[in-house]
Every structure is written in structure tokens, then in C-alpha cells.
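I have a new structure open and a fresh notebook page. Let me show you around as I look things up.

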Amino acid sequence: MNDTNRYDDIINLPHPEPTIRPRMAMENRAAQFSPFAALTGYDDATREEARLVDIKQELSEDMKDMLDAKLAIIEQHIKEVPSVAVTYFLPDTKKAGGRYVTVSGKVKKLDGVESVIHMTDGTKIPIGDVRMIEGDLFHVFEQY
């Protein structure tokens with residue numbers, strides 16, 4: 001028998017139907033061939049490791065003096081609920097480091113005991129993490 005006629009006896013027969021169980025749906029059959037992740041969580045772990053974080057920058061004495069002066073001005077005008085933009089270091093919850101974020105809004109209170117800036121929207125900013133404070137209130141500093 002040559003290779004071209006090898007299956008001539010069954011080529012036109014109907015496809016056999018299972019007799020014990022119903023035929024599996026096509027969607028379920030496709031799931032059998034989906035990729036297999038041998039290391040569960042590996043993709044998440046590598047993505048987390050690759051995520052970049054900043055390191056908190058130490059401020060110079062001049063910058064610390066400037067921030068202290070700006071905080072004093074805010075304290076003087078606290079009843080006016082001054083609008084400012086505060087850039088501060090936000091520590092990362094999952095790894096060492098963090099990122100710098102800027103929050104714009106109105107200052108509700110400066111808490112010297114807890115060393116926190118309370119904004120009217122409920123944001124609490126640790127004064128030790130502040131890098132920069134900007135706002136119309138500080139036009140005196142912009143002249144220099």
C-alpha cells in the first residue's frame with residue numbers, strides 16, 4: 001500500500017462522537033493550550049523590582065532656612081487659609097525610597113508638636129519631608 005492511499009478507508013467517515021461524556025465546549029478546549037506560569041507571582045515580583053523609586057534628598061542649610069521662613073509666613077497668615085503648593089517626599093510602602101509629589105491647596109493648620117502641615121482637603125504633610133513651598137504669599141522671596 002502506498003502512502004497516498006493509506007487512509008482512504010476512513011477519510012470520508014463521520015467524526016466519532018464520545019459515548020460516555022458530552023463533547024467539551026470550544027472555549028474550554030482553548031484553555032488547555034493557554035500559557036503556563038510555572039512561577040506564580042514571578043511577573044509581579046520582577047515588575048516590583050524594576051519599579052524605580054527616588055532617594056530622599058538632604059536639604060542644604062540655606063534651603064532649610066528658606067523653608068523655615070516660609071513656614072513662619074504661613075503661620076502669620078494662617079487665619080487667611082493661604083494657598084500653597086508643597087513638594088515633599090512620600091516614602092514608598094513596599095521598598096526603600098519613595099517619590100517627590102506636589103500638593104496644591106489651602107493650609108488649614110501648622111502643627112508644631114507633630115511637625116505636620118494640615119491641608120483643608122485632609123492631606124497631612126510631614127514638615128521634615130518638605131522640599132519646597134511655593135505660593136503668592138511668598139512674593140518677598142521671589143525678588144532675590
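These entries go from the core to the salt bridges, and then to a few single residues.

**Entry 1: the model**
I note first that this is a predicted model. I keep that in mind for every value below.

**Entry 2: the core**
I began with the largest nonpolar core and found 20 residues in it. I then looked up the residues with the most contacts inside this core, and they are Ile74, Val84, Val107, Ile117, Ile125, Val130 and Ile133. Which elements give two or more residues to this core? I found helix H3 (61–76) along with four strands to look at: S1 (83–91), S2 (98–111), S3 (116–119) and S5 (130–134).

**Entry 3: valine 130**
I picked valine 130 from that list, as it is among the core residues with the most contacts. What does valine 130 touch once its neighbours within four places in sequence are left aside? I found Leu59, Leu67, Val86, Thr87, Tyr88, Ile117 and Ile125 in contact with it. Two of these names, Ile117 and Ile125, were already on my page from the core list.

**Entry 4: salt bridges**
I looked up how many salt bridges the structure holds, and the count is 3. I took them one by one.

The pair I opened with is arginine 23 and glutamate 17, whose side chains meet at 3.2 Å, N to O. Arginine 23 is partly exposed, at 47% relative accessibility, while glutamate 17 is exposed, at 53%.

Next I turned to lysine 56 and aspartate 129, where the N to O distance is 2.6 Å. Where do these two sit? Lysine 56 is in the loop between helix H2 (42–50) and H3, and aspartate 129 is in the loop between strand S4 (124–126) and S5, so this salt bridge ties together parts that are 73 residues apart in sequence. Is aspartate 129 buried or exposed? I found aspartate 129 buried, because its relative accessibility is 16% and the cut-off for buried is under 20%. Its partner, lysine 56, is partly exposed at 33%.

The remaining pair on my page is lysine 64 with glutamate 61, joined by a salt bridge of 3.6 Å, N to O. Both residues are in helix H3, 3 residues apart, so about one helical turn separates them. Lysine 64 is partly exposed, with 34% relative accessibility, and glutamate 61 is exposed, with 53%.

**Entry 5: positive phi**
I then checked backbone angles. Valine 81 has a phi near 50 degrees, which is a positive value in a residue other than glycine. I found valine 81 in the loop between H3 and S1, partly exposed at 29% relative accessibility.

Serine 115 also went into my notes, with a positive phi near 55 degrees, and it too is a residue other than glycine. Serine 115 is in the loop between S2 and S3. Its relative accessible area is 32%, so I put it down as partly exposed.

**Entry 6: after S5**
My last stop was aspartate 136, in the segment after S5. Is aspartate 136 buried or exposed? I wrote down exposed, because its relative accessibility is 72%. I also looked up how far aspartate 136 is from methionine 119: the two are 17 residues apart in sequence and 17 Å apart in space, C-alpha to C-alpha.

Key
Residues numbered from 1 in each chain as written. Predicted model: local features only at pLDDT ≥ 70, side-chain atom pairs only at ≥ 80, totals over all residues. Heavy atoms only, no water. Core = buried A, V, L, I, M, F, W, Y, C linked by side-chain atoms within 4.5 Å. Buried < 20%, exposed > 50% of the residue type's maximum accessible area, 1.4 Å probe, protein only. Contact = heavy atoms within 4.5 Å. Salt bridge = Lys/Arg side-chain N within 4 Å of Asp/Glu carboxyl O.
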